[in-house]
Amino acid sequence: MSERRPILPMGLMIPSLLLVLWIIGYPLYDLLIMSVHSVDRFAQVGGFVGSANFQKLFADPLFWASFWRTCIWSTFVTLGAIALSLPVAILLSQDFPGRSIARVIVLCPWAISASMFGVVWRWALNGNGGVVNAVLMELGLTKEPIYFLATSDLAFPIAIAVGILAVVPLTVIIFLAGLASIQDDLYDAARIDGASSFSTFTNITLPLLKPFLNIAIVINIIYSFNSFAIVWVLTQGGPANSTDILVTYLYKMAFQFGRIDQAAAMSIIMFGFLLALITLYARFAMKERVT
Amino acid sequence: MRDNRRYRRGMISWLLLLPLVVLGLFPYLVMLSTALKSAKDLFAYPPRILPSQLDFASMMVIWDKVDFARAIANGMVVSVSTTVLTLLFAVPAAYSLARFQTRGSGAIRVFLMVTQMISPVVLIIGIFRMMAAMGMMNDLRALILALTGFSVAFAVWMLQSYFKTLPREIEEAAAIDGANWFNGLRLVFLPLAMPAIGVTAVFTFITAWTEFVLSYTLLRTPEMATATLKVVYLVSGQYSVAWNEVMAAAIVTTLPILGIFIVFQKHIVGGLVQGAVK
């Protein structure tokens, strides 16, 4: 077929490729240009400045603070999501009465968008009337309501906890797929050989799940690195920048402080980092070829 | 005896899952109980878990005072247009990728795989400037265009992995029966591809409906806001937030998606796995 119509395959492909190049490629090119020029607060591009924007960015303590905070944020969200999701996925892959209902309930936060999730938790954690305080006071765990998101020491750990809950459904789904791909006869053979359930887990389940574990880790790092909506809605990076991660600081720099050239430089760095992560993911995923 | 053991295992599993079951339902319970609270209950001290009496006022207020119907209409226009446009671009591309092996197809595969994972937030300044230069600021069309650009790679991936499972013979058989290539596609291939196209449509719709950073940046006034964006507007920039109205709006925004999720649960989970673990 391909010899008979050599033009056709490309012809069907080209509209999509052009669209992607236009919507993703052009803004990227524009950011590259902006990152080495001076740009005023109305986004008018001025003269060439070389690496000055990058140097100014690297001299900005808030940039480094949000950089380190992003590292902490991504590490803890990823670790937390996996620590919670792996046992849950294992439980959900067992056969027990009501399993399909349990699955739906555990996965149903997936239907709540990140921004809506942020809105709900922002209210639940509110110091005046939030339900978390209501429960804590009802149980006698605290006498006074706690201002979770308005206290700078508390806000970031709390945001991490919310971030973890937001990614649990997707992570559970990845592990469920992994567990479903392990053939039952492996377990049957192990049982006939008299293996204990613990050694079955460490010798069969874990090694076969490893590719999915890799994918879950990389996906969660990418996802948490990009999680603008949840942090923005929850705290806007506050109080006093104590919850700013790179994406929220980038947004403030561009759209609130009007330092568009430095923000462009920051975008380029972040894009490079994201691309490296995606490449890592692509290698894991291509190796696995689940579909 | 056997039944007994199964029952016990069920009890233990449910007990172990209980914390996550509670956390999974928690956002929905917060939305519902807050939406049914009166303004007086909202800031009662000590704070209340449940409303003192059911108050449906906020469910009314979001329609007349907040004009949430308009936000839903905007959201529908954006999500339906994005879905239709994405499929128009993606179906031919996916067909091409699934059926023809050309020299560039390996590179195209990698290109699509990478672009489908790029999130708009790192490119947002460039996107903003491009839309402004085209005179499409605060314009639903700009959002539709941007969302389509970011959805198309994922849609192509998902569709082509399914198209590959459809036997090539069906089109060849149609060709032998004298149908021309295009009619063969339309009458034979497309009906078989419909389930995959449907699931991809559901995914694209949900992505567009729930998207935040692009709509937040490209739509500048409350009148243009989509449903998801409007809920965030109701929370931010106000001196005192009417949380019962916010949660009423959040329910209206989220329930359709939850409905779609429960109805298409198996397909969505399967698709997510494909999307996440390609």
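This is a short tutorial dialogue on reading a predicted model with chains A and B.

Student: Let's begin with chain A. How many helices and strands does chain A have?

Tutor: Keep in mind that this is a predicted model. Chain A has 12 helices and two strands. Along the sequence the order is α-β-β-α-α-α-α-α-α-α-α-α-α-α.

Student: What box do the C-alpha atoms of chain A fill?

Tutor: Taken along the principal axes, the box is roughly 80 × 75 × 30 Å. Of the 291 residues in chain A, 45% are buried. As for contacts with a separation of 6 or more, 69% of those in chain A come from residues 24 or more positions apart.

Student: On to the interface. How many residues does each chain give to the contact?

Tutor: In general, the size of an interface is often given as the accessible area lost when the parts come together. Here we have residue counts: 83 residues from chain B and 83 residues from chain A. On the side of chain B that touches chain A, the elements giving two or more residues include helix H1 (2-35), helix H4 (68-99), helix H7 (140-163) and helix H12 (243-263) of chain B. H1(B) supplies the largest share of that side, 17 residues.

Student: And what classes of residue make up the side of chain B that touches chain A?

Tutor: That side has 58 nonpolar, 19 polar and six charged residues.

Student: You listed H7(B). How do I check its length against what a helix should span?

Tutor: Use 1.5 Å a residue: the 24 residues of H7(B) should span 34 Å, and the end C-alpha atoms are 32 Å apart, so the two agree. Do look along the helix, though, for H7(B) has a kink of about 35°, centred on Ser151(B).

Student: Is H7(B) mostly covered or mostly open?

Tutor: Mostly covered, with 21 of its 24 residues buried.

Student: Now helix packing. At what angle do H3(B) and H12(B) pack?

Tutor: The general idea is that two packed helices are described by the angle between their axes and the distance between the axes. For helix H3 (residues 57-64) of chain B and H12(B), the angle is about 75° and the axes are 8 Å apart. That angle makes H3(B) roughly perpendicular to H12(B).

Student: Which residues make the contact?

Tutor: H3(B) uses Ser58(B), Met59(B), Val61(B) and Ile62(B). From H12(B) come Asn244(B), Glu245(B), Ala248(B), Ala249(B) and Val252(B). By class, this contact of H3(B) with H12(B) has six nonpolar residues, two polar and one charged.

Student: What general point about α-helices should I keep in mind when I look at such lists?

Tutor: An α-helix has 3.6 residues a turn, so residues three or four places apart point the same way.

Conventions: Residues numbered from 1 in each chain as written. Chains lettered and ligands numbered in written order. Predicted model: local features only at pLDDT ≥ 70, side-chain atom pairs only at ≥ 80, totals over all residues. Contact = placed C-beta atoms within 7 Å. Helix = DSSP H or I, 4+ residues; strand = E, 2+ residues; numbered from the N terminus. Nonpolar A, V, L, I, M, F, W, Y, C, P; charged D, E, K, R; others polar. Buried ≥ 20, exposed ≤ 12 C-beta atoms within 10 Å, placed from the backbone. Expected span 1.5 Å × (residues − 1). Bend = angle between axes of the 7 residues up to and from the residue. Axes fitted to C-alpha atoms, helices over the stretch in contact; angles between N-to-C directions. Parallel < 35°, antiparallel > 145°, perpendicular 65-115°, else oblique.
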